[in-house]
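Biologist: I'm new to reading protein models, so could we walk through this one together?
Modeller: Happily! Let's bring it up first.

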Amino acid sequence: TQQRAEIASPAIVTLVVASALTVLTVYLSGQYYEYANGLVAMVDFLLLGAFLWQSLVSRRYWILGLPALQSIVCIIHVAKFMTPDILPRVYVAGQGHWSYYQIALILMAAHMHSVRRKTLRNWLRDRRPSRDGAPNV
């Protein structure tokens with residue numbers, strides 16, 4: 001619905017653009033997480049800033065989970081920069097799956113929002129007017 005698109009589209013577009021930029025920076029740099037990549041870290045820190053900004057201006061609480069999950073990604077970057085001896089597989093494992101949780105959170109929030117709107121709309125439609133004619137809402 002229209003309301004679902006208004007809530008979830010800025011977050012999902014931000015996540016898709018950041019994912020595309022991450023893939024592009026990995027491809028252009030030629031490093032596939034063997035070393036800490038400054039460009040990938042920059043994209044992830046920018047994404048953290050974008051999610052923080054969205055959570056500050058949003059009226060919804062679900063969006064607070066996005067910067068929390070993204071901060072885990074940024075902490076993993078910092079750990080790799082501080083200790084380059086971390087195995088590449090461990091680094092990839094730490095980086096790779098957090099965006100899936102973010103996508104699941106966005107989709108779940110959009111679904112729950114549409115269910116809540118539909119329930120409220122049905123509840124308001126089924127309300128009967130009071131005996132004195134004053135609205136019940």
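Biologist: Which helix gives the most to the lining of the largest pocket?
Modeller: This is a predicted model: local features need pLDDT of at least 70 and side-chain atom pairs 80 or more, while totals for chains, interfaces and linings use all residues. Residues are numbered from 1 along each chain as its sequence is written, and side-chain values use heavy atoms, without hydrogens or water. A pocket is an open set of points on a 1 Å grid where a 1.4 Å probe fits, with protein on both sides within 12 Å along at least five of seven lines; lining residues have an atom within 4 Å of a point. With six residues in that lining, the top contributor among the helices (DSSP runs of H or I, at least four residues, numbered from the N terminus) is α1.

Biologist: Which residues lie nearest the centre of the largest pocket?
Modeller: Five helices, α1 (2-29), α2 (38-57), α3 (65-82), α4 (88-96) and α5 (98-126), each supply at least two lining residues. The lining has 18 residues, and those nearest the centre are Thr 22, Tyr 33, Gln 95, Gly 96 and Ser 99.

Biologist: How many charged residues are in that lining?
Modeller: Asp, Glu, Lys and Arg count as charged; Ala, Val, Leu, Ile, Met, Phe, Trp, Tyr, Cys and Pro as nonpolar; the others, Gly among them, as polar. The lining has 10 nonpolar and seven polar residues, and its charged count is one.

Biologist: Are α2 and α3 roughly parallel or roughly antiparallel?
Modeller: Their axes (lines fitted to C-alpha atoms over the stretch in contact, with angles from 0 to 180 degrees between N-to-C directions) lie 9 Å apart at about 155°. Angles under 35 degrees count as roughly parallel, over 145 as roughly antiparallel, 65 to 115 as roughly perpendicular and the rest as oblique. Therefore α2 and α3 are roughly antiparallel.

Biologist: Which residues of α4 make the contact with α3?
Modeller: α3 and α4 pack at about 160°, with axes 9 Å apart, so α3 is roughly antiparallel to α4. Contact means heavy atoms within 4.5 Å. From α3 come Val 73, Ile 76, His 77 and Lys 80, and from α4 come Tyr 91, Gly 94 and Gln 95.
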